[in-house]
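Grab a pencil and work through a few exercises on the chain shown below. Try each task yourself before you read its solution.

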Amino acid sequence: MALMGLDIKWGRNINRFILCGKQRYSGTLLNNPCIVISYRKMHIESIERKTAVLARPTLKCLSQVATINPTIGCSHQCAYCYARGYSIYPGDGKVLVYENMAEKLKKELPRRRKLPKYVFFSSSSDALQPIPQVINLSYELMQTLLEYNIGINLLTKGRIPIKFLDLFKRHKKLVHIQIGITTLNRNIQRIIEPYAATPGERIRNIEQLCNVGIVPEVKLDPLIPGITDTKTNLTALFRVLQKYEVNAMGINYLFLRPFIKKNLYKSLRKTSLWEEINAHYQNGSSINLLAEKSRVQALDVHYRKNSYHAIDELAGLYKISAYVCGCKNPDITEEPLCDINWGKHFQDTPKQKGLFASQILTEKIF
Ligand code: SF4
């Protein structure tokens with residue numbers, strides 16, 4: 001597709017297009033909120049938000065947290081994404097953007113009797129998808145919330161544009177960021193998160209956040225057994241995180257549902273990774289997530305316990321503390337932790353620090 005002389009193809013060019021922040025291009029797109037753009041592999045469509053903007057997700061660990069998803073669907077198209085199985089998911093290669101969401105939020109906030117302390121971005125999408133409409137909408141939403149003194153908790157696998165860094169810098173005390181990253185290996189990341197930011201770009205996010213005085217947490221979620229939970233992979237990652245004094249991370253293993261398995265198979269079938277994953281889940285167990293009312297295939301509980309313990313120990317060498325959310329590991333801890341923010345994971349839940357200390361390990365993972 002050619003737009004104002006710029007040849008846009010899905011993938012590299014569209015990412016560069018956003019990153020460059022060339023206003024003449026993004027302005028063209030955003031000044032027309034009803035514009036429908038089709039890329040070779042991506043269809044972006046504006047839709048109207050009819051219900052309230054601040055919603056409570058069904059995930060138990062976030063059930064008390066106001067959440068905003070600026071889009072239905074997500075251009076990052078991670079192979080393991082659970083949201084790709086939702087009934088409202090528009091299909092791969094399609095993102096529906098709520099064109100009226102920012103305006104609606106501005107009307108909604110003054111009418112609310114009680115304002116939330118903070119808002120989570122996002123439970124089933126990413127606020128920083130490299131699409132101009134999404135970036136600008138997310139910016140406006142966050143700016144509005146911060147002006148109301150409402151905090152932002154952003155979890156992202158995208159790139160953080162400069163204008164967000166400037167905004168965050170002005171409201172440092174109200175901003176909590178989690179960078180989703182499980183590997184520095186671009187070859188692996190390219191397969192499992194094809195259109196998300198590269199590992200290098202996510203580390204750059206961390207560096208730039210530190211430069212504006214915000215040390216983010218990281219989220220190793222989901223870890224893929226035999227692929228991203230290896231000592232080599234994690235050591236390389238922790239070394240870099242230590243450089244930026246990242247000191248807290250959430251860890252969770254991948255769980256499988258039939259559609260997640262199908263998507264993983266589609267992405268990994270031509271690699272040896274598929275066999276590796278399958279082998280690990282042969283002895284898995286079916287568990288009921290606290291997060292949702294459905295059963296999933298999880299790794300064997302001993303494997304998870306041993307591995308969380310080993311990862312926690314390894315991370316400790318780099319002065320990073322790990323926590324595990326009970327939503328996705330109800331057979332290990334009852335503490336749902338995703339709603340705890342502001343770096344208080346260990347302050348509010350001291351048990352987490354010793355979660356694995358008393359476990360009798362049956363098997364050495366590393
Ligand atoms: S970034 Fe999150 S919502 Fe988007 S595809 Fe990946 S897992 Fe799904």
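Here come five exercises, each with a worked solution.

Some ground rules before you start: residues are numbered from 1 along each chain as its sequence is written. The model is predicted, so local features need pLDDT of at least 70 and side-chain atom pairs count only at pLDDT 80 or more, while totals for chains, interfaces and linings use all residues.

**Exercise 1: The whole chain**

Find how many helices and strands the chain has, and what share of its residues count as buried.

Solution. Start with the elements: there are 12 helices and 15 strands. Helices (H or I, at least four residues) and strands (E, at least two) are DSSP runs, numbered from the N terminus. Next, burial: 41% of the 366 residues count as buried. A residue is buried if 20 or more other C-beta atoms lie within 10 Å of its own, exposed if 12 or fewer, and partly exposed in between, with C-beta atoms placed from the backbone.

**Exercise 2: The sheet**

Work out the order of the strands in the open sheet, and name its edge strands.

Solution. First, the order: 7 strands line up as β5-β8-β9-β10-β11-β12-β15, with parallel pairing. The edges are β5 and β15, since each of them pairs on one side only. Two strands pair if DSSP finds at least two bridges between them. Now check some pairs. Strands β8 (residues 118-121) and β9 (residues 151-156) share 4 bridges, and Y118 sits opposite G151 in β9. Further along, β12 and β15 (residues 321-323) pair over 3 bridges, with G250 opposite Y323 in β15.

**Exercise 3: A crossover**

Follow the chain from β11 to β12 and give the handedness of the crossover.

Solution. Step one: β11 (residues 217-223) and β12 (residues 248-253) are parallel partners over 4 bridges. Step two: the path between them goes through helix α8 (residues 231-243), and this β-α-β crossover is right-handed. That label applies if, with the strands pointing away from the viewer, the path from the first strand over the helix to the second runs clockwise.

**Exercise 4: Helix α11**

Compare the span of α11 with the expected one, then find what its buried residues pack against.

Solution. The expected span is 1.5 Å times one less than the number of residues. For the 17 residues of α11 that gives 24 Å, and the end C-alpha atoms are 25 Å apart, so the two agree. Buried residues of α11 include Y303, I311 and A315. The buried residues of α11 pack against α8, β12 and β15; residues are in contact if their C-beta atoms, placed from the backbone, lie within 7 Å. On the α8 side, the axes are 10 Å apart at an angle of about 35 degrees. Axes are lines fitted to C-alpha atoms, for helices over the stretch in contact, and angles run from 0 to 180 degrees between N-to-C directions. Just after α11, K319 has a positive phi of about 60 degrees.

**Exercise 5: One loop residue**

Explain why E48 counts as exposed, and find its contacts beyond four places in sequence.

Solution. Locate E48: it is in the loop between β4 (43-47) and β5 (66-67). Count next: E48 has 11 C-beta neighbours inside 10 Å, so it counts as exposed. Leaving aside neighbours within four places in sequence, E48 touches E99 and N100. Finally, the C-alpha atoms of E48 and L96 are 9.4 Å apart, although 48 residues separate them along the chain.

Key: Contact = placed C-beta atoms within 7 Å.
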